[in-house]
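Here are a few exercises to work through with the model open in your viewer. Try each task before you read the solution.

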Amino acid sequence: MDKLKNDFYQLIKMNENLLDFIFEAAPKGLCYCQLGEDKQVWVNPEWKQALGYSPQHEFMSIEDILNKECLNHIVNNLSGKRFDPTAEYTVYYRRHNGEIIKTFCTGVIYNGKEGTAPCLFIAIKQLSPMEGSHGHANDVAIENTQLNEKLRISEERFRRAFDHAAIGMAIVGLQGNWMRINRSIFNILGYKPSELLRLTFQDITHPEDLDKDLHLLNEVIQGTRDSYQMEKRYLHKNGHIVWVILAVSIVKSSEGKPLHFISQLTDISKAKEAESEMKSVLEVTSDQNRRLLNFAHIVSHNLRSHSGNLSMLLNFIETDVDEQSRQELFKMFRHAAANLQETIGHLNEVVAVNTTISENLIKVNLNKAINGAIGNIEALLKAADAVCLNEVKDNVLIDAIPAYLDSILLNFLTNAIKYRSKERKPVIHLLTETQAELVVLTIQDNGIGIDLQANRDKIFGMYKTFHTNKDARGIGLFITKNQIEAMGGRVSVESEVDKGTIFKIYFKSQK
């Protein structure tokens, strides 16, 4: 009989029609018989219980429990037909005590490989004691019939609710094996019942979600929670990711022993796609707002620096009587005018781009950009008797947006001049070092410094000032930090009062 049982399991794994038969019949008992000469038979424990046999009872042949006439009748009715869950047949079985029991059954005949006998599957759907047989139906039998009918109706309701649910529903074993699924599971995950029977839910769960799922499942088994719900990703049969809301509860025996899980899957893939699109739109909007803020700062700060530089150079030209000095000033003026034209061009680029900031980074020669920034403040340097030393090598390239880089350099250089010490000649050093795929630009001055103990948290804040300078508005460093981070970089500061300040700017520099 063990061989027949194994054959039965193999058959339902390989044949989807038989699997449908098992799922749809919702049997009180299942009988499997090979229709060869000896008509060997295997029945499941529910079948033995329904007909009053002990679990250890073994049958030699189907004719031990079913007379030949009745057997031929049901075989004739099923031959050549596909399984129909709505079709019922009256079958008379012989119970263990000799009583003849009337049952309502459904069944299917499976024709295997050529040269092998057909197989008969019969599932008992309802029991009905037969009057006039040995041991007439008594009150207990009538009560059992009523209970069986209530159970049948209950099972039928569950089956219909399960099979036709709009969401995916599955009965899952304690080890994760799929025991039963409905049509919606197939629509969500793409697997047929016969395919899922060979898998566990672990096999098709996204690796990043598996540990959380197993942890919650273990809590349900241990009784620390009755159920759980989570967002989870499955791997569709076609390979793409399916997002679902998974709800899991456990079914236990009357003794409280866990039997299996009931899982419900609600497909939220389209909602996730919409959420991703909305997030993308918000990122673009945020990026555009950031670009507008930077644009406004560049217009107000950088152009003001240019105009101030040009105005001071004109003043020097008008008051200087030495012709050689005037020629040098005219040269500086032409250079400043060219830089102003370049800055306006960079502003046009900022307005023109429609994609995100990170997608518009280009290779920029840092040494050249610094020289341009120094040229833009030559009048300020001259007026303050300051020295600006560009020690950056001429082959250093960084990933940047030119307009942003101009703004960053101008802001740090003008601040170094604005907050110079009256006790010494202002000196500004610019140098670089390389760290992995980053270029670190150091801007060091010997100015009045910043009290970091009191002001470290507000250095880069909006409208935060920490000097008594009447022109300070607390915008420059906030915008500068924003521009550096928009290009994928970062900035740090070291400072000591009356000693000076060191800013380190970390720029991307991918090969």
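**Exercise 1.** Which residue of strand 14 stands opposite N390, and how do the two strands involved run?

Solution. Step one: find the partner. N390 stands opposite L430 in strand 14. Strands here are DSSP E runs of at least two residues and helices are H or I runs of at least four, both numbered from the N terminus. Step two: look at the pair. Strand 12 and strand 14 (residues 427-435) run parallel and are joined by four bridges; for two strands to count as paired, DSSP has to find at least two bridges between them.

Before going on, a word on ground rules: this is a predicted model, where local features need pLDDT of at least 70 and side-chain atom pairs count only at pLDDT 80 or more, while totals for chains, interfaces and linings use all residues. Residues are numbered from 1 along each chain as its sequence is written, and side-chain values use heavy atoms, with hydrogens and water left out.

**Exercise 2.** Place strand 12 in its sheet: what is the strand order, and which strands stand at the edges?

Solution. Step one: the sheet is open, has five strands in the order 12-14-15-17-16, and its pairing is mixed. Step two: strand 12 (387-390) and strand 16 (490-496) have a single partner strand each, so they stand at the edges with one side lacking a neighbour in the sheet. Step three: from one strand to the next, the twist averages 15°. (Angles run from 0 to 180 degrees between N-to-C directions, using lines fitted to C-alpha atoms, for helices over the stretch in contact.) Step four: add the helix. Helix 11 (residues 366-376) packs on this sheet and touches strand 12, strand 14 and strand 15 (438-445), its direction making about 165° with that of strand 12. Contact means heavy atoms within 4.5 Å.

**Exercise 3.** Now walk to the other end of the sheet: how many bridges join strand 16 to strand 17?

Solution. Step one: start with strand 15, which pairs with strand 17 (residues 500-508) in the antiparallel sense over seven bridges. Here T442 is opposite K504 in strand 17. Step two: strand 16 and strand 17 are joined by seven bridges as well and run antiparallel, with E494 opposite I502. Step three: check the turn. The hairpin of strand 16 and strand 17 has three residues between the strands, and D498 takes a positive phi near 65° there.

**Exercise 4.** Is G375 buried or exposed?

Solution. Step one: G375 lies in helix 11. Step two: its relative accessible area is 1%, so it counts as buried; the cut-offs are under 20% for buried, over 50% for exposed and partly exposed in between, with a 1.4 Å probe and protein chains only. Step three: G375 and M332 are 43 residues apart in sequence, yet their C-alpha atoms are 7.5 Å apart in space.

**Exercise 5.** Which residues does T480 touch, leaving out those up to four places away in sequence?

Solution. Step one: T480 is found in helix 15 (residues 476-486). Step two: T480 is buried, at a relative accessible area of 0%. Step three: the residues touched are I408, N411 and F412.

**Exercise 6.** Describe the sheet that holds strand 8.

Solution. Step one: this open sheet of five strands has the order 7-6-10-9-8, with antiparallel pairing. Step two: strand 7 (178-181) and strand 8 are the edge strands, each pairing on one side only. The twist averages 30° from one strand to the next. Step three: strand 9 and strand 10 (residues 258-267) run antiparallel, joined by nine bridges, and I245 has T266 in strand 10 as its bridge partner. Step four: helix 8 packs on the sheet, touching strand 8, strand 9 and strand 10, and its direction makes about 150° with that of strand 8.

**Exercise 7.** Which elements each supply at least two residues of the lining of the second largest cavity?

Solution. Step one: a search of the whole structure finds two cavities of 30 Å³ or more. A cavity is a set of points, on a 1 Å grid over the protein atoms alone, where a 1.4 Å probe fits but cannot get out; lining residues have an atom within 4 Å of a point. Step two: the second largest has a volume of about 80 Å³, volume being the space filled by probe spheres set on the points, which are joined across faces, edges and corners. Step three: helix 8 (207-222), strand 8 (227-235) and strand 9 (241-252) are the elements asked for. Strand 8 gives the largest share of this lining, three residues.

Key. On a 1 Å grid over the protein atoms alone, a cavity is a set of points where a 1.4 Å probe fits but cannot get out, and a pocket is an open set with protein on both sides within 12 Å along at least five of seven lines; lining residues have an atom within 4 Å of a point.
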